[in-house]
Amino acid sequence: MGITIEKLRERVRGPVISQQDEGFEQARSVHNAMIDRRPHAIVQCVNAGDAVAAVDYARENGLDLAVRGGGHSVPGFGTCDDGVVIDLKPMRGVRVAPGDRTARADGGATWGDLNAATYAFGLATTGGIISTTGIGGLTLGGGIGYLSRGHGLSCDNLISADVVTASGELVVADERQHEDLFWALRGGGGNFGVVTSFEYELAPVRDIYGGLIFFDLDQVANVLRSYREIIADAPEELCAFPAFQIAPPLPFIPENRHGDTLIAIVTCWAGPLDAGPAALQPLRDIAPIVAEHVGPMPYPLLNTMFDVLVPPGLQHYWKANFVVKLTDEMIDAHVEYGPKVPVVNSTVHIYPIDGACHRVAPDATAFAYRDANFATVIAGMWPDPGANKANIAWVRDYYSAIAPLSEEGGYVNFMAGDDQDRIRANYKGNYDRLVQVKRAYDPDNLFHLNQNIRP
């Protein structure tokens, strides 16, 4: 006989919320409103012991197990029907060791939490683009962000992790213990356990010079071709990525352009502030500028720039690919489909992942695409469920146009729920080793609600 929910409640310090409990509707909600699931129990963990108890409960009762950090998972992997949700959101503490240039963050922390804590000491590590994203999901999938070219992926800056395995054991994974697990965590997603704590290496980044530069749509081909040449030779302190964006009603955008679809370049210069204007000038010189919001700012502020466009409660459907070369043929596909971005929330980003990302061997971590220069995401996000069919069609049509011109695999954090057939391609030569690690730590595939590596 399995553990009863009453016994589970006795074992954990945090709340255990069932379908009959007050607060269940709020507790079960996730970022993507397209996901509507009703778990059997939601364990709101306040410590690693709570996660251990929840894993034991799910395993011994044969229930599905979902792990939720920030809750942003587009496919809705942070929840399930009639199973157990380990909700790490109450665990958001961050402890910085400025002398060692390290930080340890709980598994439910967001990038906003981590950035705020490290900024006080003039330090940072590679995070995401939205501050409300959980550190856990982003890091375990690789971790692409503004600092990737200069400092590598989030997973490249991971020093150690506290992990609750499928057997209910809490282990520390790093370069000296559980090395195979540590290797797999760096890009292998949530396949191997519940990570209740992450330790990161930090870099001296405090204030950056950057922001948004908007150009007219008739300049798309010119912008993308020029960007391709500029970023190839740019100093690694510079991150810049193109984005198709319907202009929101922001004060720096001329009022008569609000609602127009534009091509933007999003910039972040993380070198000396006084060198920022010169570093960005080649991008500003590409074409006449419609609007810009560029200058010195705290790094955490840059990380919030898109937050208002991605509130909880939108419908989400995404597709993604890695790209070695941004060819003229690829640019032609972007010219055709990018301007069709349907709503202000939706976007397409082409992130550069060269520089420091390339200095890590493809088999040194589970993240295999160390030869890719770009990670493209078609992020369909919209408020109206009635528009699902049309918006999903835009994402799929766009993806169908660029997929034959891209690498076979893509970034697991940008994958949709219908991308399970791409798992092997996403990991290239690392897939078989990941299967071996999965067999060692989760032979029964308890952690299967993810981009799943089957044992």
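**View 1. The β7–β8 hairpin, with five residues between its two strands.** In the turn, G168 has a positive phi of about 85°. Strands here are DSSP runs of E, at least two residues long, and helices are runs of H or I, at least four residues long, with both numbered from the N terminus. This is a predicted model, where local features need pLDDT of at least 70, side-chain atom pairs count only at pLDDT 80 or more, and totals for chains, interfaces and linings use all residues. Residues are numbered from 1 along each chain as its sequence is written, and side-chain values use heavy atoms, leaving out hydrogens and water. Strand β8 covers residues 170–173 and pairs with β7 in the antiparallel sense, over four bridges; two strands pair if DSSP finds at least two bridges between them. Look for L170 in β8, standing opposite V164.

**View 2. Strand β7 and its pairing with β9.** Six bridges hook β7 up to β9 (residues 194–201), and the two run antiparallel. V164 turns up again here, this time with V194 as its bridge partner in β9. Six of the seven residues of β7 (residues 158–164) are buried, so the rest of the structure largely encloses this strand. Buried means under 20% relative accessible area, exposed means over 50%, and partly exposed is in between (1.4 Å probe, protein chains only).

**View 3. Two of the 14 aromatic pairs found across the whole structure.** Rings of Phe, Tyr and Trp (its six-membered ring) pair if their centres lie within 6.5 Å; planes under 30 degrees apart count as stacked, over 60 as edge-to-face and the rest as tilted. Y227 and F374 have ring centres 6.1 Å apart and planes at 50°, so they make a tilted pair. They bring together distant parts of the chain, 147 residues apart: Y227 is in helix α8 (residues 220–233) and F374 in strand β16 (residues 374–382). Y227 counts as buried at 0% relative accessibility, and F374 does too at 6%. W318 and F414 are also tilted, at 5.7 Å centre to centre with 55° between the planes. Here the partners are 96 residues apart, with W318 in strand β14 (residues 315–323) and F414 in the loop between α12 (388–402) and α13 (423–427). Both W318 and F414 are buried.

**View 4. One aromatic cluster, with W318 and F414 among its members.** Joining them are Y146, F241, F322, Y351, F367, Y369 and Y411.

**View 5. Charges over rings, at Y337 and W183.** K340 lies over the face of Y337, 4.8 Å from the ring centre. R433 has its charged end over the ring of W183, 3.9 Å from the centre. A charge sits over a ring if NZ of Lys or CZ of Arg is within 6 Å of the ring centre and within 35 degrees of the ring normal.
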